[in-house]
Amino acid sequence: MEQERALLRELSARKEAMEHELEALAECLTAGNGPGLHGNLVDRQGFPRADIDIPTVRGQRQRVACLMNDHKQIMKQIDEGLGRLHQHLRSSSGAATAAGPAPPTLSHGSFELVAEGRRPSPPPPAAAAPTIAAAMGVGAAGPTNGVLIPPGAEQTLSSDVPPLLAFARVHEVSEASPASEAGIQVGDSLVSFGAVSCSASPGTAPSLLLQQVAQVLQAHEGGAVQAVVLRRGVPVSIQLHPHAWAGRGLLGCLLRPL
């Protein structure tokens with residue numbers, strides 16, 4: 001088990017390093033007149049832009065693509081490792097009852113996963129760093145997209161915002177999808193989606209909450225839905241606009257229950 005813990009700590013450190021590099025690349029790509037991740041590299045006449053270093057921009061964009069793929073893989077490895085460690089802890093705990101001592105917790109980046117229920121809880125408030133999505137200029141569909149909610153001020157966003165208990169995690173985000181446009185990122189943990197949340201439906205299994213999310217999506221096709229996610233332990237408010245696009249579904253992201 002100690003070997004598994006050491007592996008998870010190493011994977012978590014690598015994940016954090018990737019995220020820091022992505023943020024640094026985002027700042028470089030958007031500095032000055034930078035084109036960002038998807039901006040044009042040619043002017044209106046079709047000539048290469050003279051105000052940017054095109055080879056450098058292309059290299060940075062390629063590095064971002066590689067890091068995003070690596071981030072996706074490392075998140076998968078972390079989830080698999082947590083599953084193995086969780087199973088080991090459950091096996092070793094035997095017939096522990098609810099009256100027994102508090103269950104152990106496993107560190108997963110900025111989250112804690114309770115061994116008995118795999119329910120994440122938010123860490124102590126930390127200084128909010130700018131999100132990659134905001135730096136890249138995505139998520140401009142609504143005025144609250146990418147807003148970092150100050151610690152302790154979650155209830156000021158909406159009276160429907162529940163305690164910060166997530167029920168699903170984003171495992172994939174398709175390019176040019178409504179989810180990507182809104183700023184959803186791989187690794188985000190879904191706290192609320194419209195009126196769907198753990199606190200609104202106490203005791204409901206996360207898989208059933210995801211079914212409610214699907215119903216909300218159908219009901220709001222072509223409209224707007226407010227969601228709150230945990231991103232590296234920081235609550236982020238995102239406004240989504242579900243609609244038909246070139247890919248599957250109305251959002252273009254893969255959610256898995258916690």
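Which residues have the most contacts inside the largest nonpolar core? The close-ups below, all taken from a predicted model, start there.

**View 1. The largest nonpolar core.** This core has 23 residues, and those with the most contacts inside it are Phe167, Ile184, Leu190, Phe193, Ile238 and Leu240. Elements giving two or more residues to the core are E5, helix H4 (178-182), E6, H5, E8 and strand E9 (234-240). H5 chips in the most, with five residues. There's also a second, separate core of 17 residues, which includes Leu29, Leu41, Ile54 and Ile78.

**View 2. Around Phe193.** Skip the neighbours within four places in sequence, and Phe193 still touches quite a list: it is in contact with Val213, Val216, Leu217, Val225, Gln226, Ala227, Leu240 and Leu251. Of these, Val213, Val216 and Leu217 are buried residues of H5.

**View 3. The two sides of helix H5.** H5 runs through residues 206-219, and its end C-alpha atoms sit 20 Å apart, which agrees with the 20 Å that 14 residues should span at 1.5 Å a residue. Its buried residues are Pro206, Leu209, Leu210, Val213, Val216 and Leu217. They cover an arc of only 110° around the axis, so they end up on the same side of H5. Flip to the other side and you find Gln215, Gln218 and Ala219 exposed. What do the buried residues of H5 pack against? Their partners are strand E5 (168-173), strand E6 (189-193), strand E7 (196-197), strand E8 (225-231) and strand E10 (253-257).

**View 4. The N-terminal helical stretch.** UniProt, in an unreviewed entry, places a "coiled-coil region" at residues 1-28. In the model, residues 1-28 are 96% helix and 0% strand, with the end C-alpha atoms 41 Å apart.

**View 5. Lys15 and its acidic partners.** Lys15 pairs with Glu16 in a salt bridge (3.5 Å, N to O), and also with Glu19 (3.4 Å, N to O). Lys15 and Glu19 are four residues apart in helix H1 (residues 2-30), so about one helical turn separates them. Both Lys15 and Glu19 are buried; for Lys15 the relative accessible area is 7%.

**View 6. A buried pair, Asp188 and Arg231.** Here the closest N and O atoms of the salt bridge are 2.6 Å apart. Asp188 lies in the loop between H4 and E6 and Arg231 in strand E8, so the pair ties together parts that are 43 residues apart in sequence. Both residues, Asp188 and Arg231, are buried. Elsewhere, salt bridges that share partners join Lys15, Glu16, Glu19, Glu23 and Arg232 into one network.

Notes:
Residues numbered from 1 in each chain as written. Predicted model: local features only at pLDDT ≥ 70, side-chain atom pairs only at ≥ 80, totals over all residues. Heavy atoms only, no water. Expected span 1.5 Å × (residues − 1). Buried < 20%, exposed > 50% of the residue type's maximum accessible area, 1.4 Å probe, protein only. Arc of directions from axis to C-beta. Contact = heavy atoms within 4.5 Å. UniProt positions renumbered as here; feature names shortened; annotations may be inferred. Core = buried A, V, L, I, M, F, W, Y, C linked by side-chain atoms within 4.5 Å. Salt bridge = Lys/Arg side-chain N within 4 Å of Asp/Glu carboxyl O.
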